[in-house]
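Student: I'm new to this one and would like a close look at a single part of it. Could you walk me through the strands, slowly?

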Amino acid sequence: TLVSASQFAQLTEPLLPDPKVHILLPVLKTLRPIIDRMKNISEFLQIHANMRGEFSLKIDTDMVSIETIYKNLEHPSVC
C-alpha cells in the first residue's frame, strides 16, 4: 500500500524509552548474510544484547531453533 504525501506528513516517530544497553554491533558485512538466511526460515527475528558485550540473533520455528551469538563486543559509555 502506498502512502500519500498528506498521510506521510502526518506520520511521526514513536516515543521510546532511553536504551538500557549501548553496544557496538559486529560489522554489517558479517551480519547481513546471517540475517538474510534467517529471514528465509522465519518471519520473526529475536535480537538480544547486554552490557557484558554479548549480542545474539535468534529464530524459532516448530522445526528448528537457530541462534548466532557474538561475544566480547565493545560497549561505549554514554553520558
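How many bridges join strand β1 to strand β2, and which way do the two run?

Tutor: Happy to. One thing before we start: this is a predicted model, so keep that in mind as you look around.

Let's start with your pair. Strand β1 covers residues 46-49 and strand β2 covers residues 55-60; the two run antiparallel, and 4 bridges join them. To see how they line up, find H48, which stands opposite S56 in β2. Then look for I47, whose opposite number in β2 is L57. If you want to think about where those side chains point, here's a handy rule: in a regular strand, side chains alternate between the two faces of the sheet.

Now follow the chain from β1 round into β2. These strands make a hairpin, with 5 residues between them. In that hairpin, have a look at G53, which takes a positive phi near 85 degrees.

β2 has a partner on the other side of the story too, namely strand β3. That strand spans residues 65-70, runs antiparallel to β2, and is joined to it by 6 bridges. Here again you've got a hairpin, this time with 4 residues between the strands. Two pairings will help you find your way: K58 has E67 in β3 as its bridge partner, and F55 stands opposite Y70 in β3. So β2 is the strand to keep your eye on, as β1 pairs with it and β3 does as well.

Keep going past β3 and you'll meet N72, which sits in the segment after that strand. N72 has a positive phi of about 60 degrees, although it is not a glycine. It's also out in the open: N72 has a relative accessible area of 74%, over the 50% cut-off, so it counts as exposed.

Let's step back and put the strands in context. The chain has 2 helices and 3 strands, and from the N terminus the order is α-α-β-β-β. You might expect a neat ball, but the radius of gyration is 17 Å, well over the 12 Å that the globule rule gives for 79 residues, so the chain is more spread out than a compact globule. The C-alpha trace spans about 45 × 45 × 25 Å along its principal axes. As for burial, buried residues make up 18% of the 79 residues.

For a feel of the distances, go back to the helices. L15 lies in the loop between α1 (5-10) and α2 (28-39), and at 84% relative accessibility L15 counts as exposed. Compare its place with that of I59: they are 44 residues apart in sequence and 27 Å apart in space, C-alpha to C-alpha. Distant parts of the sequence do touch, though: among contacts with a separation of 6 or more, 41% come from residues 24 or more positions apart.

Last, the surface. The chain exposes about 7,100 Å², with carbon and sulfur atoms supplying 58% of it. There are 8 positive and 9 negative charges, and their mean positions are 6 Å apart.

Conventions
Residues numbered from 1 in each chain as written. Predicted model: local features only at pLDDT ≥ 70, side-chain atom pairs only at ≥ 80, totals over all residues. Heavy atoms only, no water. Pairing = 2+ DSSP bridges. Buried < 20%, exposed > 50% of the residue type's maximum accessible area, 1.4 Å probe, protein only. Rg over C-alpha atoms; globule rule 2.2 N^0.38 Å. Contact = heavy atoms within 4.5 Å. Areas by Shrake-Rupley, 256 points an atom, 1.4 Å probe, with all protein chains shown as cover. Lys, Arg positive; Asp, Glu negative; His and termini not counted. Charge placed at Lys NZ, Arg CZ, Asp CG, Glu CD.
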